[in-house]
Amino acid sequence: MEEDGRYHMSSRPYCVKWTPDGALLAVGDDDSRVHVLDASTRSVQRVLNDSGAVDALPTLAICWRPEVGPRAQRHILLEGTCAGVLSHWHVPSGKRMHSVRQPGNAIHCLSYACDGWAFATSGKDACVRIHEEATKSEVVVFKGGEERGSLVSSHVQQVFCVRFHNSNPQLLASGGWDKVVHLWDVRTGKSVSTFSGPFMAGDCLDLHENDLLAGSNGREHQARLCARYGAHHRARARTTRR
């Protein structure tokens with residue numbers, strides 16, 4: 001593998017995400033800014049939220065909106081920060097299209113449904129929120145619990161990963177510090193399946209068809225593949241050691 005380019009940042013990067021077409025790379029930093037790099041020219045196309053505020057907090061999560069349909073706007077970026085601020089950016093113009101704050105929360109992770117109808121957020125308060133893209137309003141909240149006994153129905157510690165299914169816009173999974181991965185069904189508003197083990201402290205969860213891949217922070221079993229997960233299937237986990 002050869003290095004194909006290098007970009008120096010004056011601040012520390014916290015998250016990175018390619019556009020679906022691979023044309024742009026977004027990098028969130030510790031000053032609430034997002035640097036958008038052009039892959040073809042190896043240059044900075046734009047820096048979002050470049051206000052230089054002294055009280056700026058890190059951008060912890062970014063996600064590109066799916067470009068679905070012939071009239072879909074291209075290059076819309078969703079950003080979540082340590083201060084609980086959720087922003088939609090129109091990258092070509094550099095304009096913030098919408099912004100809302102989740103009081104007392106830090107947004108650690110974001111994900112869009114495959115058809116773009118909704119996006120999910122989660123973080124410090126252990127709640128997984130589903131927002132309708134058209135209105136930006138919360139339509140479902142999978143609330144976090146406070147007791148270990150509630151792990152079968154909710155998270156009880158901070159959530160660091162959330163991911164919609166690759167082809168089913170009503171299913172998503174999440175994981176974090178409580179070592180339980182939940183599969184959520186937006187239609188029922190409930191957790192329909194769980195499996196225990198992965199300790200997640202970053203973006204390390206993916207869903208594809210009938211498989212769920214989860215990373216785990218530890219000395220062994222860092223990758224776990226859960227096959228045939230779901231409400232009507234018994235999970236079968238395979239682990240990989242370093």
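Asn49 lies in the loop between E4 and strand E5 (59-64). In this predicted model, phi of Asn49 is near 60°, a positive value in a residue other than glycine. Most residues other than glycine have a negative phi. Asn49 has a relative accessible area of 23% and is therefore partly exposed, because buried would require under 20%.

Arg42 offers a second case. Its phi is near 55°, again positive in a residue other than glycine. Arg42 sits in the loop between strand E3 (34-38) and strand E4 (43-48). With a relative accessible area of 47%, Arg42 is partly exposed, because exposed would require over 50%.

Now move to strand E10 (118-123). E10 is mostly covered, with six of its six residues buried. In a regular strand the side chains alternate between the two faces of the sheet. On one side of E10 are Ala118, Ala120 and Ser122; on the other are Phe119, Thr121 and Gly123. Both faces are covered.

Which strands pair with E10? Strand E9 (residues 107-112) runs antiparallel to E10, joined to it by five bridges. E11 also pairs with E10 in the antiparallel sense, over five bridges. Ser122 ties the two pairings together: Cys109 stands opposite Ser122, and Val128 in E11 is also a bridge partner of Ser122.

Both pairings are hairpins. Five residues lie between E9 and E10, and Gly116 in that turn has a positive phi of about 75°. Four residues lie between E10 and E11, and there Ala126 has a positive phi of about 70°.

Next comes the nonpolar core. In soluble globular proteins, nonpolar side chains tend to be buried together. The largest nonpolar core here has 14 residues, of which Ile130, Phe142, Phe164 and Leu172 touch the most other members. The elements giving two or more residues to this core are E10, strand E11 (128-132), strand E12 (138-142) and strand E13 (159-164). E13 gives the most, with three residues.

Take Ile130 from that group. Leaving aside neighbours within four places in sequence, its contacts include Ala118, Phe119 and Ala120. Phe142, Phe164 and Leu172 are also among the contacts of Ile130.

Phe142 leads on to Asp185. Beyond four places in sequence, Asp185 is in contact with Phe142, Gln170, Leu171, Lys190 and Val192. Asp185 is found in strand E15 (residues 180-185). Is Asp185 buried or exposed? Its relative accessible area is 10%, so Asp185 is buried, the cut-off being under 20%.

Key: Residues numbered from 1 in each chain as written. Predicted model: local features only at pLDDT ≥ 70, side-chain atom pairs only at ≥ 80, totals over all residues. Heavy atoms only, no water. Buried < 20%, exposed > 50% of the residue type's maximum accessible area, 1.4 Å probe, protein only. Contact = heavy atoms within 4.5 Å. Core = buried A, V, L, I, M, F, W, Y, C linked by side-chain atoms within 4.5 Å. Pairing = 2+ DSSP bridges.
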